[in-house]
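The exercises below are meant to be worked with the coordinates open beside the text. Try each task before reading its solution.

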Amino acid sequence: VSLFLLKMLRLTAFNRSIKRKSSFRCQYSTKGALSGIRVLDLSRVLAGPWATQLLADLGAEVIKVEMPGTGDDTRAWGPPFVKSESAYFMCANRGKKSITIDIRSPKGQDIVRQLAAVSDVFIENFKVDNLKKYGLDYESLRKINDRLVYCSITGFGQTGPRRDEPGYDFIVQGMGGLMSITGEKEGMPMKVGVAVADVFTGLYACNAIQAALLSRHQSGKGQYIDMALFDSTIAILANQGLNFLTSGKSPSRLGNQHPNIVPYSTFACSDGHIIVAVGNDSQYTRLCQAMERPDLASDARFLTNKSRVANRDVLYAELNKTFITKPKQYWLDLINGIKVSIAPINTIAEVFEDPQIEARGMKVDIEHPSLEQKVSLIGNPIKLSDTPITYTRPPPLLGQHNGDVLSSILNYSDKQIEELKAQNVV
């Protein structure tokens with residue numbers, strides 16, 4: 001009983017401290033979950049912008065700092081474009097304000113410091129120690145704002161023998177082992193069709209930032225976050241990484257097969273391909289019965305998942321003989337009816353024709369006043385009951401919010417802003 005009371009007292013004290021320290025908790029019911037949090041975003045391309053777009057979706061104010069004239073590299077990565085804006089840039093930058101600042105100039109560095117002084121989060125993906133020469137590294141900025149959560153994203157992190165090496169998604173997918181397990185068994189190692197090292201690093205960074213913000217409510221202090229594309233790629237090796245650590249054997253490419261589950265792969269039908277994913281032995285038995293292959297259900301080589309994994313080539317050869325005899329829709333209807341997972345392999349166009357997309361809000365159309373038209377974006381998969389994600393700010397034009405940010409946050413006059421423009425600082 002005494003232990004229970006001690007825990008309850010600690011929980012009560014924690015809740016009281018949160019109410020005292022949190023400036024945005026009381027806003028959760030009427031605004032975004034991260035309303036009241038300001039993020040200063042000096043990142044470019046994908047990993048950092050992916051993290052800050054998620055923070056913006058959750059209600060944070062995100063100020064994207066870009067180089068005057070050129071901006072984020074991905075603004076030029078196309079086609080396709082919507083007028084002047086690339087699809088690549090728009091995929092990771094909605095919900096943000098764009099301000100152009102030349103951080104190479106002393107005046108530009110001063111503006112960034114002023115913004116950092118009134119921000120909660122600072123995120124960047126420059127080379128290791130690159131921002132030190134501008135006085136924009138963590139140690140410099142924490143002196144003017146010790147509550148700042150500072151997140152650095154690099155290819156290989158701030159430590160280790162590879163810290164100074166550049167790291168792009170493609171490079172890291174190769175070095176991190178992901179390509180060695182992706183592709184057909186007899187084919188060339190392949191990268192994943194989306195820049196997953198960047199995307200997962202962005203997701204991990206967003207989690208880390210929110211954890212640091214919660215920690216700040218207890219300590220009153222910000223902290224430094226060191227994120228690496230290489231580390232994130234190792235982390236998402238998941239079962240394949242543990243397969244190696246457990247057995248000492250490097251997993252090999254299996255095409256669309258699963259290393260630990262059989263049958264779990266793609267199959268050729270008379271008019272295309274399907275995916276069948278059998279999760280347990282009872283599902284396997286039902287599948288064989290539905291396919292009118294009871295011999296495969298009773299064969300001692302295939303009775304358990306362990307035995308099926310050991311005899312995968314023989315089993316797949318038998319299943320392929322049967323699947324090829326009928327069209328896709330025949331198998332989709334039949335196997336869905338026995339509650340075993342089966343699916344078509346859709347093109348991206350077919351994906352967005354699926355009624356589930358509209359039902360789940362996974363395609364959103366946002367008015368873009370500057371482009372004088374709506375832009376179609378992919379929705380956020382997070383569905384919050386009390387603080388739902390809203391889409392009110394389209395991906396910004398380069399420097400679109402210079403005047404707004406400088407005047408409303410830093411109280412710069414119109415004259416000061418014009419002088420900075422004339423000097424090519426903003």
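**Exercise 1. Determine in which sense β2 and β5 pair, and decide whether β5 is buried or exposed.**

Solution. Step one is the pairing: in this predicted model, β2 and β5 run in the parallel sense and are connected over five bridges. One register point can be fixed by residue, since V62 has K96 in β5 as its bridge partner.

Step two is burial, for which the cut-off is a relative accessible area under 20%. Five of the five residues of β5, which covers residues 96-100, are buried, so the strand is largely enclosed by the rest of the structure.

Step three is to separate the two faces. In a regular strand the side chains alternate between the two faces of the sheet. For β5 the assignment puts K96, S98 and T100 on one side and K97 and I99 on the other, and both faces are covered, since these residues are all buried.

**Exercise 2. Describe the largest nonpolar core: how many residues does it have, and which elements each supply at least two of them?**

Solution. Begin with the count: the largest nonpolar core has 29 residues, and L40, I111, F122 and L406 are those with the most contacts inside it. Next, trace the contributors: the elements that each supply at least two residues are β1 (38-42), β2 (61-66), α4 (106-117), α5 (138-142), α17 (402-408) and α18 (414-422). Of these, α4 gives the largest share, with four residues.

Then examine one of the well-connected members. Leaving aside residues up to four places away in sequence, L406 touches I99, I111, N411, Y412, I417, L420 and V426. Apart from this core lies another one of 27 residues, which includes L54, V121, C206 and A212. As background, in soluble globular proteins nonpolar side chains tend to be buried together.

**Exercise 3. Characterise the second largest pocket by its volume, its lining and the class of its residues.**

Solution. The volume of the second largest pocket is about 450 Å³. Its lining consists of 17 residues, of which I181, Q240, G255, Q257 and P259 are the closest to the centre. Sorting that lining by class gives eight nonpolar and nine polar residues, with no charged residues.

**Exercise 4. Find which peptide bonds near P79 and P80 are cis, and which residues other than glycine have a positive phi.**

Solution. The reference point is that most residues other than glycine have a negative phi, and most peptide bonds are trans.

For the peptide bonds, the one joining G78 and P79 is cis, with omega about 10°, and the bond joining P79 and P80 is also cis, with omega about 10°. P79 is placed in the loop between β2 and β3 (81-82), and P80 is found in that loop as well.

For the backbone torsions, E292 is not a glycine, yet it has a positive phi of about 60°. E292 sits in the loop between α10 (281-290) and α11 (294-298), and its relative accessibility of 65% makes it count as exposed. N424, likewise a residue other than glycine, has a phi near 60°; N424 lies in the segment after α18 and is exposed, with a relative accessible area of 55%.

**Exercise 5. Work out how β12 and β13 are joined, and which residue of their hairpin takes a positive phi.**

Solution. Strand β12 (residues 363-368) and strand β13 (residues 373-378) run antiparallel and are joined by six bridges. Within this pairing, D365 stands opposite S376 in β13. The hairpin has four residues between the strands, and E372 takes a positive phi near 60°.

**Exercise 6. Place T322 in its local surroundings, and then summarise the chain as a whole.**

Solution. T322 belongs to helix α13, which covers residues 312-323. With 12% relative accessibility, T322 counts as buried, and, not counting residues up to four places away in sequence, T322 touches M291, R293 and W331.

For the whole chain, the inventory is 18 helices and 13 strands, and the C-alpha trace spans about 85 × 65 × 45 Å along its principal axes. Buried residues make up 43% of the 426 residues. Among contacts with a separation of 6 or more, 67% are between residues 24 or more positions apart.

Note on methods: Residues are numbered from 1 along each chain as its sequence is written. This is a predicted model: local features need pLDDT of at least 70, side-chain atom pairs count only at pLDDT 80 or more; totals for chains, interfaces and linings use all residues. Side-chain values use heavy atoms; hydrogens and water are left out. A nonpolar core is a set of buried Ala, Val, Leu, Ile, Met, Phe, Trp, Tyr and Cys residues joined through side-chain atoms within 4.5 Å. Buried means under 20% relative accessible area, exposed over 50%, partly exposed in between (1.4 Å probe, protein chains only). Contact means heavy atoms within 4.5 Å. On a 1 Å grid over the protein atoms alone, a cavity is a set of points where a 1.4 Å probe fits but cannot get out, and a pocket is an open set with protein on both sides within 12 Å along at least five of seven lines; lining residues have an atom within 4 Å of a point. Grid points are joined across faces, edges and corners, and a volume is the space filled by probe spheres set on the points. Ala, Val, Leu, Ile, Met, Phe, Trp, Tyr, Cys and Pro count as nonpolar, Asp, Glu, Lys and Arg as charged, and the others, Gly among them, as polar. Two strands pair if DSSP finds at least two bridges between them.
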